Every structure is written in structure tokens, then in C-alpha cells.
Amino acid sequence: MAFLIKSMIGNPLSGIGLGGGGDKEEEATPSDPAKAAGMTREEYEEYQKQVVEEKMERDADFLHKKAERATLRVCLRDKYRLPKSEQDENMIEMAGDDVDVPEELLKMVDEDATEEEGKDSIMGQIQNLQNMDMDQLKEKASATVTELKSKAEEKCSLM
């Protein structure tokens, strides 16, 4: 309550302007950012250099990661014969030639490729046949033969 009354009435000497009230306001807002941060000018300049260097390092790391991802996308596009992306190629050029795809990602892509090669080979097809239900295959084959016979009988007068 006392705070409320004091803030409403204010300090009676502050309006007189004897030179004591204006100095406090100037000291409260220093124009030098080093003083505002509680450092000397040299410390503040060193701190600003560190901040700029850290930001540049983060940006370079980020650019390198983006280029790695773009390289992986290019590899996948080549693998699946998809159209190339100019954006990815530009990203790789910006990062330079030292961009490699991370080994973990390459291992994943290689594993997928070996699995697909296994499925595409003759041995892979034979293994798929072993996994199929033979009774179901016989039923489908007999149904197809029966269907072909009935269509042939409809079209051919000799049968």
C-alpha cells in the first residue's frame, strides 16, 4: 500500500531539478554495450569475436550436413533412375568436392541394394516359389486352364 501511495505522489524533490535526479537516469542506461554486459571493452570485443567464429563454424557444419544429404539423394536418384535435382547439385557444388556420404547411410543403401539384387536373381525367385502355397498355385492353374477351355469352346465350333 505504501508503494502505491509513493508511486502516485512521487518524490517531491525530483521535479525541482537540482541536478541530482537527471544523473541517475543517464547512469542507468549506459551507451557502451560493454558496460551493459558488465565487461571491459577488450573483453567485450573478444567475446564478440568468439560469437562470430562460433556462428561461422555452425554455419559451415550445417552446410556440410546439407551437402551430405544432397549427395545421398543424388546416389538414391541414380540407383532408382529418378530425374536429377538441380538444387541438390548446387548444394554439393557450394560445399565443395570434399563431401562424402556418412558411412552409416552408405551401409543402409548397400544393404537395400543387396536385398533387391537377391530378389531379382533366379535364386531369389526360386526361394519365393518355395515360400508359396503349392495347393493355392494348383487351384489357380486349374482355374486358369478351365477358363481358357471354356473361352476356346465358345469361340471354336470344332471343340
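# Exercises on an all-helix chain

The chain has eight helices and zero strands. This is a predicted model, so treat each exercise as a reading of that prediction. Have the structure open and work along.

## Exercise 1: Get an overview

**Task.** Find the order of elements in the chain, and how much of the chain is buried.

**Solution.**
- Step 1: Starting from the N terminus, the elements read α-α-α-α-α-α-α-α.
- Step 2: Buried residues make up 9% of the 159 in the chain.
- Step 3: Now look at the surface. About 14,200 Å² is exposed, and carbon and sulfur atoms supply 55% of that area.
- Step 4: Finally, take the contacts between residues at least 6 apart in sequence; 52% of them join residues at least 24 apart.

## Exercise 2: Walk along helix α4

**Task.** Compare the span of helix α4 with the expected one, and list its buried residues.

**Solution.**
- Step 1: Helix α4 covers residues 41-79, which is 39 residues.
- Step 2: From first C-alpha to last, α4 reaches 57 Å, close to the 57 Å expected at 1.5 Å a residue.
- Step 3: The buried residues in α4 are Y44, A67, E68, A70, T71 and L72.
- Step 4: Past the end of the helix comes R81, whose phi is positive, near 55 degrees.

## Exercise 3: Place D88

**Task.** Is D88 buried or exposed, and which side chain does D88 meet in a polar contact?

**Solution.**
- Step 1: Locate D88 in helix α5, residues 86-95.
- Step 2: Apply the cut-off for burial, under 20% relative accessible area. D88 has 4%, so this residue is buried.
- Step 3: The side chains of D88 and R77 are joined by a polar contact of 2.4 Å.
- Step 4: The pair also forms a salt bridge, with the closest N and O atoms 2.4 Å apart. Because R77 lies in helix α4 and D88 in helix α5, this salt bridge ties together parts that are 11 residues apart in sequence.
- Step 5: R77 itself is partly exposed, at 21% relative accessibility.
- Step 6: Widen the view: a network of salt bridges links R73, R77 and D88. Beyond neighbours within four places in sequence, D88 is in contact with A70, R73, V74 and R77.

## Exercise 4: Compare V99 and M94

**Task.** For V99 and then M94, decide: buried or exposed?

**Solution.**
- Step 1: V99 sits in the loop between α5 and α6. Its relative accessible area is 9%, so V99 is buried.
- Step 2: Leaving out neighbours within four places in sequence, V99 is in contact with H64, A67, E68 and T71. V99 and T71 are 28 residues apart in sequence, with 7.6 Å between their C-alpha atoms.
- Step 3: M94 is in helix α5. Exposed means over 50%, and M94 has 57% relative accessibility, so M94 is exposed.
- Step 4: The C-alpha atoms of M94 and H64 are 9.2 Å apart, with the two positions 30 residues apart along the chain.

## Exercise 5: Salt bridges within a helix

**Task.** How many salt bridges does the whole structure hold, and what separates D59 from K55 along helix α4?

**Solution.**
- Step 1: The search finds four salt bridges.
- Step 2: One of them joins D59 and K55, closest N and O atoms 3.1 Å apart. These residues are four apart in helix α4, so about one helical turn separates them.
- Step 3: Here is the general reason: an α-helix has 3.6 residues a turn, so residues three or four places apart point the same way.
- Step 4: Another joins E147 and K151 at 3.6 Å between the closest N and O atoms; in helix α8, this pair is also four residues apart.

Key. Residues are numbered from 1 along each chain as its sequence is written. This is a predicted model: local features need pLDDT of at least 70, side-chain atom pairs count only at pLDDT 80 or more; totals for chains, interfaces and linings use all residues. Side-chain values use heavy atoms; hydrogens and water are left out. Helices (H or I, at least four residues) and strands (E, at least two) are DSSP runs, numbered from the N terminus. The expected span of a helix is 1.5 Å times one less than its number of residues. Buried means under 20% relative accessible area, exposed over 50%, partly exposed in between (1.4 Å probe, protein chains only). A polar contact is a pair of N or O atoms within 3.5 Å; within protein, one must be able to donate a hydrogen and the other to accept it, and residues adjacent in sequence count only if both atoms are side-chain atoms. Contact means heavy atoms within 4.5 Å. Accessible areas come from the Shrake-Rupley method with a 1.4 Å probe; for residues, only the protein chains shown count as cover. A salt bridge is a side-chain nitrogen of Lys or Arg within 4 Å of a carboxyl oxygen of Asp or Glu.
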